Amino acid sequence: MTGRAWLRRLWPLAPVLGALVITSGLLLLFGVSPFEGFGALLQGAFGTEAKVLSVAAFWVPLTLAAAGLVVAFTAGLWNIGVEGQIVMGAVASSWLALRFDAPRPILLVAEILVAMAAGALWAGVVAIFKTRGGVHEIFGGLALNNIAIIFTNYLISGPWQPPEGGTFRGTVPFPEKALFPLLGVSRLSPLSIALTLGALAAVYFILRGTYWGLKLDALGRNPKSAFLLGVSSEREMILAMMFCGALAGLGGSVRVLSWFDSLRQSISGGIGFLALLVVMLALFRVVLVPFVAFFFSAVLSGSISLQLRTQLHSSLGGILTSVMVLLVLLFGDYRQLGIFGSRGGKALADE
Amino acid sequence: MSKRFLFRLMALLIIPALLLSACAGGTVEEEQEFVFGVVLVGPKNDRGWSQAHYEGGQYVEENMPGARMIVFESLNPADKPEATLEGVVDDMVADGAQLVFTTSDEFEEDTLGAAEKYPEVTFISISGDDAWAEGQDAGKAPPNLGNIMGRMPDMKAVAGCAAALATETGKLAYLGPLINFETRRLAASAYLGARYCYDEFRGMDPDDLEYTVTWIGFWFNIPGVTLDPTEVTTNFIDSGADVVLSGIDTTEAIVVSGQRADQGERVFAVPYDFVGACDEKPEICLGVPYFNWGPDYLETASAVEAGSWEQEWEWNKAAWDALDDRTKTPIGWIHGPGLTDEWKADLETFIDGMASGDVVVWKGPLNLQDGTTYLEEGEVATGQQIWYLPQLLEGMEGPSK
């Protein structure tokens with residue numbers, strides 16, 4: 001193999017290494033050895049079984065939202081509203097968990113379905129604003145994110161506040177049977193893992209193996225010619241958004257029914273926005289999403305230990321991942337280098 | 001190609017991981033080091049609640065040889081969706097923490113779980129009541145969990161007294177956060193202090209004193225979610241109130257009152273929480289009730305280190321003769337530059353009375369807001385009756401729930 005070929009092979013490492021170097025520089029600037037810093041980060045993510053389970057538990061909603069986003073991006077849509085769709089899914093599940101009584105399996109299935117429906121509806125509103133009202137999905141999505149958060153705050157400080165008075169923290173804990181079965185004392189449920197793997201497989205299959213997937217791809221690449229070729233852009237856009245919303249809503253359900261045990265003030269806390277970064281770092285490809293999401297989850301969880309060990313601000317993990325995304329967006333267009341052929345990267349990599 | 005890429009990506013992520021974890025060997029433990037953790041709900045420099053706790057931890061480090069604090073800031077789902085109290089405590093204990101302060105009522109439930117998980121570590125849940133033998137949650141706490149809170153209602157009574165001394169319109173306003181036991185008892189305590197002093201020092205009928213409470217919905221302004229404290233304070237002053245007492249974590253009450261004073265109106269403010277809060281507008285500041293966690297933290301840390309700590313629910317009284325001495329009192333009151341000498345003298349008399357027990361503001365006859373009797377004639381409120389105040393009191397305007 002020639003030196004040049006090696007260089008090409010190693011090219012994808014560049015943004016990651018670049019981000020490590022920049023973050024190491026930051027650590028040095030604050031007088032912390034990068035070895036100690038990243039060591040603390042790794043121990044924080046994988047040091048004990050409990051930590052690994054916690055990383056996996058945070059991975060679930062992140063991956064669900066990111067998998068949904070891949071579909072929306074394929075259709076050329078920037079679903080910033082994914083954050084609000086997570087929140088609405090959480091709210092819908094909480095409503096059933098608080099107000100309805102049924103045998104556990106039925107209750108759990110109903111909670112999951114209603115969360116997906118709520119997320120899908122919330123996304124559908126954004127899509128209809130776009131197709132009918134000419135409101136760009138970024139603006140529509142941001143507005144609905146805010147409304148979802150305000151609605152949660154209203155619920156926990158109003159009709160759903162605990163009997164002893166609102167502390168603005170959240171609702172009372174849901175009954176045991178409304179919650180996902182958990183692995184030991186962790187916040188990870190086997191059920192969430194199964195749902196996430198199912199969602200990933202579904203997205204992969206839809207995009208690779210179905211006519212609808214092809215239509216979304218055409219729409220994302222060139223909406224005008226897709227329309228001329230007979231793809232109903234309005235219908236496909238709305239459906240792609242709703243599909244994404246459904247997975248995000250499912251993520252919200254996981255958040256209230258396993259990470260927490262109640263509806264909290266900031267139930268998502270920006271997981272939707274993180275998922276956008278995950279998808280970008282994954283080059284808009286669903287096969288990479290679970291791994292990149294796992295990496296994000298590990299870095300963020302590890303940052304807790306990093307902060308405690310070094311007493312630096314724990315946003316260092318956020319800086320590490322963000323710099324990485326930035327470098328990938330700046331230098332990561334592998335196709336231009338002719339490494340991966342034309343398949344790598346979808347609609348947005350074209351832009 | 002995608003598989004290969006994936007392999008490379010994975011290799012890329014895993015190899016440095018292995019290398020680094022190999023490097024992350026054991027750290028050298030110092031002899032006789034005492035490690036304690038402090039978990040904050042907000043940033044350590046918020047000029048309010050969390051900063052007061054952070055400074056409490058610093059006080060321990062300064063006054064106890066070998067003490068080392070580990071702080072975790074901003075543990076709340078909005079700032080750190082990936083973090084949990086349990087995870088933070090795991091790390092603190094792994095780093096050698098023998099004592100952990102969890103400093104928000106939001107952590108109360110999770111602290112119970114953490115204390116059960118680490119029976120050899122001492123936990124202090126600030127403002128909680130799980131370790132109170134006479135409390136509503138009695139029996140919930142494992143033996144290694146205690147509670148500490150400053151007896152802030154006393155300082156709020158002083159704040160109310162100062163307000164009653166200064167008012168000319170007879171209209172006082174209380175800028176409240178959200179409604180719960182704690183905030184009700186504080187708003188009510190300020191009211192009782194005001195009534196007492198309006199009667200005692202002003203010679204006026206306390207029933208003529210108007211006292212309005214408006215709850216904004218949270219500890220600080222969240223645009224679109226809470227009422228805007230700036231607007232609420234403006235409304236207070238527009239409707240005739242000339243002293244605004246703050247129960248929230250931020251400074252709107254004194255800022256807005258200060259602006260109105262600059263326009264020539266006669267208004268005063270009493271801020272809350274942070275010892276330096278008068279600095280926003282000293283000349284209209286009547287004083288500030290504040291938390292001072294250092295002495296309690298130090299006492300607890302020393303007891304834990306010596307092995308003499310015992311479970312307790314502490315609701316600590318002020319060091320009445322040293323309300324501005326930060327080495328002594330767990331809660332305090334700082335006179336504001338807005339007090340005249342005459343008011344200051346009256347206020348000192350009131351403080352001396354409370355210190356000696358001659359002045360008791362939580363004393364019957366006292367009715368709740370809906371008119372039901374809370375305390376009979378001459379009856380003095382128990383700790384529970386103050387802590388678990390179910391409604392505002394008769395005479396206070398504003399919602400109880």
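**Close-up views of a predicted two-chain model**

**View 1. The largest nonpolar core and its best-connected members.** In this predicted model, the largest nonpolar core has 123 residues, and the ones touching the most other members are B:Cys161, B:Ala162, B:Ala163 and B:Ala194. Helix α5 (residues 152-166) of chain B supplies the largest share of this core, with 11 residues. Both domain 1 (34-150 + 294-316) and domain 2 (153-291 + 332-397) of chain B take part, each giving at least three residues. Here is a handy rule to keep in mind: in soluble globular proteins, nonpolar side chains tend to be buried together.

**View 2. The surroundings of B:Ala163.** Which residues does B:Ala163 touch, not counting residues up to four places away in sequence? They are B:Leu172, B:Ala194, B:Val243, B:Leu245, B:Val270 and B:Leu286. Apart from the core in View 1 lies another core, of 113 residues, and A:Phe38, A:Trp59, A:Val60 and A:Met88 are among them.

**View 3. Where the two domains of chain B meet.** The domain assignment splits chain B into domain 1 (34-150 + 294-316) and domain 2 (153-291 + 332-397). Their C-alpha centres lie 29 Å apart. Domain 1 of chain B brings 10 residues to the contact, and domain 2 of chain B brings 9 residues. On the domain 1 side, helix α2 (residues 49-63) of chain B gives the most, with 3 residues. Sorted by class, that side of domain 1 has 3 nonpolar, 5 polar and 2 charged residues.

**View 4. Helix α11 of chain A from end to end.** Let's check the span of helix α11 (residues 233-259) of chain A: at 1.5 Å a residue, its 27 residues should span 39 Å, and the end C-alpha atoms are 37 Å apart, which agrees. Is α11(A) mostly covered or mostly exposed? Mostly covered: 24 of its 27 residues are buried.

**View 5. A:Tyr204 in its helix.** You will find A:Tyr204 in helix α8 (residues 190-209) of chain A. A:Tyr204 counts as partly exposed because it has 17 C-beta neighbours inside 10 Å, while a buried residue would need 20 or more. Leaving aside neighbours within four places in sequence, A:Tyr204 is in contact with A:Val286 and A:Val287.

**View 6. How confident the prediction is in chain A.** The average pLDDT of chain A is 87, with 91% of the residues scoring at least 70. Confidence in chain A is highest in helix α5 (residues 82-99), at a mean of 97, and lowest in helix α15 (residues 347-350), at 41. Over residues 335-351 of chain A, pLDDT stays under 50. A word of care: where pLDDT is low, the predicted coordinates should not be read in detail.

Notes. Residues numbered from 1 in each chain as written. Chains lettered and ligands numbered in written order. Predicted model: local features only at pLDDT ≥ 70, side-chain atom pairs only at ≥ 80, totals over all residues. Domains from an automatic or database assignment. Contact = placed C-beta atoms within 7 Å. Helix = DSSP H or I, 4+ residues; strand = E, 2+ residues; numbered from the N terminus. Nonpolar A, V, L, I, M, F, W, Y, C, P; charged D, E, K, R; others polar. Core = buried A, V, L, I, M, F, W, Y, C linked by C-beta atoms within 7 Å. Buried ≥ 20, exposed ≤ 12 C-beta atoms within 10 Å, placed from the backbone. Expected span 1.5 Å × (residues − 1). pLDDT = per-residue confidence, 0-100.
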